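Good morning, everyone, and thank you for making time for this. I would like to walk you slowly through one structure, so please keep the picture in view while I talk.

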Amino acid sequence: MSTRDQILEIAYRAFAEKGYNHTSMGAIAEELGITRPALYYHFSSKEDLLLATYEMIDPLINVSADEALGCTEPAEFKQASAALIASITSNLRNDEQRARFVATVESTSGQIPAITESAQAQYDETCAIFATALEHGKAIGAVSADMDIDAAKQYLASSSTASATSCSATARST
């Protein structure tokens, strides 16, 4: 594992356990056994480190609508669509450390605009994935021809986001 990847793993754990304000660059460097200048070589600030850590856990990594897009039968499409939704949301529900990290990100989003921008980009990408799949579903008759694709994609993307939010709310209360 590269030094950068090791830093991200330690930062992920530290931010999840201690929150943003109680995590220090010095402690991360010390745990890894490197100097602070070496840490700053990889990440110019704690904000940059938080953002890189957030992007590392993007729930859309390795998610594709290709299986749903390859379907030609409505029943097959419905199964592939359920699998698509599960692939986006499943890891958000099962990892307490992830939930705590997301809670940290949510609590700092007002302080760090890049976090808000990254979250919006993830939401937009989720909408695009769902819209593409739903349009295909319409074309093969698996989805109602009068379905409002825009409203449906926003609902599905918001539901995916709600999975992360409810998980982080649970983490904050424990």
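I will go through the cores, then a pair of helices, then some aromatic rings, and finally one residue elsewhere in the chain. Please bear in mind throughout that this is a predicted model.

Let me begin with the inside of the protein. The largest nonpolar core has 25 residues, and the ones with the most contacts inside it are Leu-49, Leu-50 and Phe-101. Which elements give two or more residues to this core? They are α1, covering residues 3-18, α2, covering 25-32, α4, covering 46-56, and α7, covering 96-108, and of these it is α1 that gives the most, with seven residues. As background, nonpolar side chains tend to be buried together in soluble globular proteins.

If we take Leu-49 as an example and leave aside its neighbours within four places in sequence, we find it in contact with Ile-7, Leu-8, Ala-11, Phe-15, Met-25, Ile-28 and Phe-43. There is also a second, separate core of 20 residues, which includes Val-63, Ala-68, Cys-71 and Cys-127, and I will come back to two of those names later.

Now let us look at helix α4 as a whole. Its buried residues are Lys-46, Leu-49, Leu-50, Leu-51, Ala-52, Thr-53 and Tyr-54, and they pack against α1, α2, α7 and α8, the last of these running over residues 113-139. On the α8 side, we can look at Ser-118, which has its place in that helix. Is Ser-118 buried or exposed? Buried means under 20% relative accessible area, and Ser-118, at 10% relative accessibility, therefore counts as buried. Not counting residues up to four places away in sequence, Ser-118 touches Leu-51, Tyr-54 and Glu-55.

On the α1 side, the axes of α1 and α4 come within 9 Å and cross at roughly 95 degrees, so the two helices are roughly perpendicular to each other. Where they meet, α1 brings Arg-4, Ile-7, Leu-8, Glu-9, Ala-11, Tyr-12 and Phe-15, while α4 brings Lys-46, Leu-49, Leu-50, Ala-52, Thr-53 and Met-56. Sorted by kind, the residues of this contact are nine nonpolar, one polar and three charged.

The next topic is the aromatic rings, where the count comes to three pairs. One of them joins Phe-15 and Tyr-20, and this pair is stacked, with 6.0 Å from centre to centre and 20 degrees between the planes. Both partners are buried, Phe-15 with a relative accessible area of 0% and Tyr-20 with 9%. Phe-15 also pairs with Phe-101, this time in a tilted arrangement, with 6.4 Å centre to centre and 50 degrees between the planes. That second pair links distant parts of the chain, for Phe-15 sits in helix α1 and Phe-101 in helix α7, 86 residues apart. Phe-101 is buried too, with a relative accessible area of 0%. Taken together, ring pairs link Tyr-12, Phe-15, Tyr-20 and Phe-101 into a cluster.

Finally, I would like to turn to Phe-77, which lies in helix α6, residues 74-93, and which is buried, with a relative accessible area of 3%. What does Phe-77 contact, leaving aside its neighbours within four places in sequence? The list is Ala-68, Cys-71, Ala-133, His-136, Gly-137, Ile-140, Ala-142 and Val-143, and Ala-68 and Cys-71 are the names I promised to return to, from the second core. Phe-77 and His-136 are 59 residues apart in sequence, yet their C-alpha atoms are 8.9 Å apart in space.

Note on methods:
Residues numbered from 1 in each chain as written. Predicted model: local features only at pLDDT ≥ 70, side-chain atom pairs only at ≥ 80, totals over all residues. Heavy atoms only, no water. Core = buried A, V, L, I, M, F, W, Y, C linked by side-chain atoms within 4.5 Å. Buried < 20%, exposed > 50% of the residue type's maximum accessible area, 1.4 Å probe, protein only. Helix = DSSP H or I, 4+ residues; strand = E, 2+ residues; numbered from the N terminus. Contact = heavy atoms within 4.5 Å. Axes fitted to C-alpha atoms, helices over the stretch in contact; angles between N-to-C directions. Parallel < 35°, antiparallel > 145°, perpendicular 65-115°, else oblique. Nonpolar A, V, L, I, M, F, W, Y, C, P; charged D, E, K, R; others polar. Phe/Tyr/Trp six-rings, centres within 6.5 Å; stacked < 30°, edge-to-face > 60°.
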